[in-house]
Structure formats: C-alpha cells, structure tokens
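Grab a pencil and work through these short exercises with the model open beside you. Each task is followed by a solution that goes step by step.

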Amino acid sequence: EENLFDRFSGRVMFPIHSLSGQVLGFGGRVLKKDAKTAKYLNSPESEIYHKSRILYGIFQARKSIMQEDKVYMVEGYTDVMSLHEVNIENVVASSGTSLTNEQVKLIKRFTPNITILYDGDAAGIKASIRGIDLVLEEGMNVKMVLLPDGEDPDSYSKKVSHEEFARYLRENETDFIRFKAQLLM
C-alpha cells in the first residue's frame, strides 16, 4: 500500500499559467514561519511544467507589458499580486529560480525593457546582479529599483499609497551601471 501525502500541506496555493492561460503547475507558499521548511515549493518538473521556461503572472501581464512597453521583474508570487493591487499589472516573477535564458527570451517577445525590482537585502541584490547579465546578453534595456532596506515589493506596497509606490519606482529606477557603481561605493 502506497503512503500518500499532501506535498503542499499548510501552504497557500498559486496556479502557474502558461502564456495562453492554461494551468501548468502550482506554487505553494508556507503560511507559518518555520525555519525547517522551504518558503516556496513548486510542482515537480514534468512534461508540461518547466519552471525555467515560464514566468509567474505572464498570462495576466502580457497586455499591460505591451501597453507600457516595460516589465517589472520581482521574486515571488505575492510580490506580483501586491503590485496588481496597486494597479501595476506589467509584472512577472521568476518564482524561486534565478532568472533563466528562456525566461528572458519570453519577456523579449513583449518588450525590450525590463526593470528588476528585488528585495533590498543582500540576497536580493545578488539575485538582481545575476539577472542583469542574462538580460544584457539578450540586448535588452535593464533598469533596477532597490526597495528600502528590509522591504520587499509586497510589504512596501502595503505601507505606502498607490501613488507613493508608483512615484518611488519612477524616482528610484536606475540603469545597471549606476546601480553597480552605487553598490561598489
């Protein structure tokens, strides 16, 4: 007799859609803070679900990305949802993987302009620098926004008004050369 268990027990579920809106898999985010469990857990890789080839939110964001001619790249599912709540819909997440070549090519189909919006902590900075190189290799325009220390797009968008959040993004968007220079200083 097989022992069945719920892979996503105690997690809030996020359906991951293909470009055409079909559900390919799920992401689960843990509800209780527990050092022993991974914060995010995705469906296992399968014939239809390859996390390196898909971006969370791309189905919902396509139209807005083309209208705005820009995409915001964030880290997690809740970051995508929080930005939608403040009326920023041209947003996708790499959902727990570092940005891949296939993901960058997917974005390029809709816009050459990408703004990386990662957490202001050391891990977020490291992740965004890794992402920059891939985006530049594809000949795209990359900008960065670092949120105030200790904030992520989800927490910060709840702290300030919609207008303040949009203004923060506009005023703190820097090209990657300035961004890297600021880090080095």
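**Exercise 1. A link across the chain**

Task: What is the relative accessible area of R53, and which residue is its salt-bridge partner?

Solution:
- Step 1. R53 has a relative accessible area of 48%, so R53 counts as partly exposed. The classes are buried under 20%, exposed over 50% and partly exposed in between, with a 1.4 Å probe and protein chains only.
- Step 2. This is a predicted model, where local features need pLDDT of at least 70, side-chain atom pairs count only at pLDDT 80 or more, and totals for chains, interfaces and linings use all residues. Residues are numbered from 1 along each chain as its sequence is written, and side-chain values use heavy atoms, leaving out hydrogens and water.
- Step 3. The partner of R53 is E102, with 3.9 Å between the closest N and O atoms. A salt bridge here is a side-chain nitrogen of Lys or Arg within 4 Å of a carboxyl oxygen of Asp or Glu.
- Step 4. The pair links distant parts of the chain, 49 residues apart: R53 sits in the loop between strand 3 (40-42) and helix 1, and E102 in helix 3. Helices (H or I, at least four residues) and strands (E, at least two) are DSSP runs, numbered from the N terminus.
- Step 5. E102 is also partly exposed, at 37%.

**Exercise 2. Salt bridges elsewhere**

Task: How many salt bridges does a search of the whole structure find?

Solution:
- Step 1. The search finds 7.
- Step 2. One of them joins K158 to D154 at 2.5 Å, closest N to O. Both residues belong to helix 5 (residues 153-159), 4 residues apart, about one turn of the helix.
- Step 3. Now look at accessibility: K158 is exposed at 53%, whereas D154 is buried at 17%.
- Step 4. D175 and R178 meet in another salt bridge, 3.0 Å from N to O. K105, K108 and E138 are joined into one network by salt bridges that share partners.

**Exercise 3. The two sides of a helix**

Task: Which residues of helix 1 (residues 58-68) are buried, and why do they line one face?

Solution:
- Step 1. The buried residues are I58, A61, S64 and I65.
- Step 2. Seen down the axis of helix 1, they fall within an arc of 130 degrees, so they line one face. The arc uses the directions from the helix axis to the C-beta atoms.
- Step 3. K63 and Q67 are exposed, on the face of helix 1 turned away from its buried side.
- Step 4. The buried residues pack against strand 1, strand 4 (71-74), strand 5 (91-93) and helix 3 (101-108). Contact means heavy atoms within 4.5 Å.
- Step 5. Leaving aside neighbours within four places in sequence, I58 is in contact with H17, L19, I65, V92, L106 and F110.
- Step 6. Just after helix 1, D69 takes a positive phi of about 50 degrees.

**Exercise 4. A loop residue and a strand residue**

Task: Is S94 buried or exposed, and what does N141 touch?

Solution:
- Step 1. S94 lies in the loop between strand 5 and helix 3, and it is buried, at 2%.
- Step 2. Not counting residues up to four places away, S94 touches L55, M73, V74, E75, L99, Q103 and Y118.
- Step 3. N141, in strand 7 (residues 141-146), is partly exposed at 44%.
- Step 4. With the sequence neighbours up to four places away again left out, N141 touches P112, N113 and I114.
- Step 5. N141 and T115 are 26 residues apart in sequence and 8.3 Å apart in space, C-alpha to C-alpha.
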